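Thanks for coming. I have a few minutes on aromatic rings, so please look at the structure on the screen while I talk.

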Amino acid sequence: MQLLLILIEIRKIPSNRTFKSVFSRRCLPPAICKRNFKPTHVKQVFGDRGEIYGYRNLRIDIYYLANSAKCYVDTKYTSMANPAEYPTPDDILAKLSPWLPDDYKTNINDFMVKLYTERRFQMFGAVVERVQIYNPTDEASYKYIFTCPANDDPLFKQFHVRFQRMTVWFFKEIKLDNVQDPNWIYLYVYEERKNKMKEVESLNPVGFISIYKYFHYPNRVRARIMQLFVIPPCQGMGIGSHLLRNAYREVASLDDVVDITVLEPNVTFTRVRDFLDCHLLMEFPEFDSNNVHQGFSESMFQVANREYKLNRRQVRRAYEILRLSYIECNVLDPNYTIIWGEVVNRLKNPFVVILKVD
């Protein structure tokens, strides 16, 4: 029987901080782990400098059960500073506890009980898409299942609280969701793993997207994407774009939604979003080469907003990208000058002051 776990190895030297996946009890020692990856941010946990004071050869291993995200913390060090001679060493568990599941274990035997009673096939929500994707990290192809859980399911709420806390290692700053708020929309993606006999042996969550429904005056809703997370071994495979596409579909099915926005998108998310939006909009005649070269029109916004709830600014951005992509590689093409002028005027508009002369 194979069981997937995610292990976080934290050391004082930032370059040695790594995340690892374990496939069986025999692989619990970090040196044997096959899937490994490094955290990118530790500021919220260990401060701006990302240091832990008072320990020599410190090593912290955090194991996550693949399906339930329950975890075990293993702390090792060769010596600790004497409080009588030096400042008191940092309380490691006190720093970690806010970002770990409430029922995390520090005893390996207690954790093994959780491991062998793990519900390896638990999956929350109705399935909205299934897709087969090759994972270059594992050099294997897996089926990825996208679901839309009901946010009133108490078991799902408990699970999401555990899984979301893992994201603290990959974002500069996160705010944990208040899962009791009914305005949240979640979509999850599960990786289906099979054994050598081609039998499904586990369904492991590898990412999610969260959307919050904000009030929009007078009686409508503005959906805002708050977080999109995919574990590093599954990044760069198109899973993020599939999550975003399914989020568009889910939001578009709601009658009271005005549009969809994003909370502080980073460069990676913006690139995925731009690619997906352009790919989706190219399917409509309003965004073919002939119409795009006629300039931006209200009909472009209307069709994009009707089908995918895209906001006006994002539709305009996709239009500009598509217009550039439709231009042939010819420096004498007048469309270069036209699109340049449109972009300049768009950037100037927020700073134009209209003076009223009496």
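I will go through two ring pairs and then two charges over rings.

One caution at the start: this is a predicted model. A search of the whole structure finds 27 aromatic pairs. One of them is formed by Phe46 and Trp169, with 6.2 Å from centre to centre and 45° between the planes. That pair is tilted.

Where do Phe46 and Trp169 lie? Phe46 is in helix α1, residues 43-46, while Trp169 is in the loop between α4 (154-164) and β10 (184-194). The two residues are 123 apart in sequence, so the pair ties together parts that are distant by that count. Are these residues buried or exposed? Phe46 has a relative accessible area of 4% and is buried. Trp169, at 1% relative accessibility, also counts as buried.

Next, Phe159 and Tyr188. Their ring centres are 5.3 Å apart and the planes stand at 55°; because an angle from 30 to 60 degrees is neither stacked nor edge-to-face, the pair is tilted. Phe159 sits in helix α4 and Tyr188 in strand β10, so this pair, too, links distant parts of the chain, 29 residues apart. Both Phe159 and Tyr188 are buried.

Now the charges. Which ring does the charged end of Arg224 sit over? That ring belongs to Tyr214, and the distance to its centre is 4.9 Å. Arg312 lies over the face of Phe301, and here the ring centre is at 4.0 Å.

That is my list; questions are welcome.

Key: Residues numbered from 1 in each chain as written. Predicted model: local features only at pLDDT ≥ 70, side-chain atom pairs only at ≥ 80, totals over all residues. Heavy atoms only, no water. Phe/Tyr/Trp six-rings, centres within 6.5 Å; stacked < 30°, edge-to-face > 60°. Helix = DSSP H or I, 4+ residues; strand = E, 2+ residues; numbered from the N terminus. Buried < 20%, exposed > 50% of the residue type's maximum accessible area, 1.4 Å probe, protein only. Lys NZ or Arg CZ within 6 Å of the ring centre and 35° of its normal.
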